[in-house]
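Subject: Structure for your review

Dear colleague,

Please find below the structure that I am handing over to you. I would be grateful if you could read the notes beneath it with the model open.

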Amino acid sequence: MTDQELIKMAHGAARQAYAPYSEFHVGAALLGKSGKVFVGCNVENASYGLTICAERVAVGMAVACAERDFEAIAISVKGGGSPCGACRQVLSEFAPDLRVLMSDENGKLVREMSLGALLPENFGPKSF
């Protein structure tokens, strides 16, 4: 799986987002070490606190399919933004050194960083 293919999957997932309130569509494509890809999109709720991010939807899909080891995640969002703090924490539970590909709403790679750089000194399974 190439980075561009992963980004394309994230871009496609963003088009499926349920974002009637913010109109902020986010898609994620999470590459498991098995080679399988799990996609997610943000799902908003009228009770804003119940909204779930694309990255966490993708993690949930992967875990439900017994995948827990990840290599990379591509995110498609306007401007090529990074995962929110909650998503960083959830991702670090499984892959603290995950490659994070941040692409814009047109599918163009804006930047790549490790999750460790985005969430230094994470709290995770090794913290106990």
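The notes below describe the sheet, a helix that lies across it, and one loop residue.

Please bear in mind that this is a predicted model.

The sheet is open and consists of five strands, arranged in the order E2-E1-E3-E4-E5 with mixed pairing. Its edges are formed by strand E2 (37-41) and strand E5 (109-114). Each of these has a single partner strand, so one side of each is left without a neighbour in the sheet. On average, and with direction ignored, neighbouring strands are turned by 15° against each other.

Within the sheet, strand E3 (residues 70-76) and strand E4 (residues 99-103) run parallel and are joined by five bridges. Along this pair, Ala72 stands opposite Arg99 in E4.

Helix H2 (residues 54-64) lies across three strands, namely E1 (27-32), E2 and E3. The helix runs at about 140° to E2.

The loop between helix H3 (85-94) and E4 contains Asp97. Is this residue, Asp97, buried or exposed? Asp97 has a relative accessibility of 65%, and it counts as exposed because the threshold for that class is over 50%. When neighbours within four places in sequence are left aside, Asp97 is in contact with Ser114 and Leu115. Gly81 is 16 residues away from Asp97 along the chain, and the C-alpha atoms of the two are separated by 18 Å.

Yours sincerely,

A colleague

Technical notes: Residues are numbered from 1 along each chain as its sequence is written. This is a predicted model: local features need pLDDT of at least 70, side-chain atom pairs count only at pLDDT 80 or more; totals for chains, interfaces and linings use all residues. Side-chain values use heavy atoms; hydrogens and water are left out. Two strands pair if DSSP finds at least two bridges between them. Helices (H or I, at least four residues) and strands (E, at least two) are DSSP runs, numbered from the N terminus. Axes are lines fitted to C-alpha atoms, for helices over the stretch in contact, and angles run from 0 to 180 degrees between N-to-C directions. Contact means heavy atoms within 4.5 Å. Buried means under 20% relative accessible area, exposed over 50%, partly exposed in between (1.4 Å probe, protein chains only).
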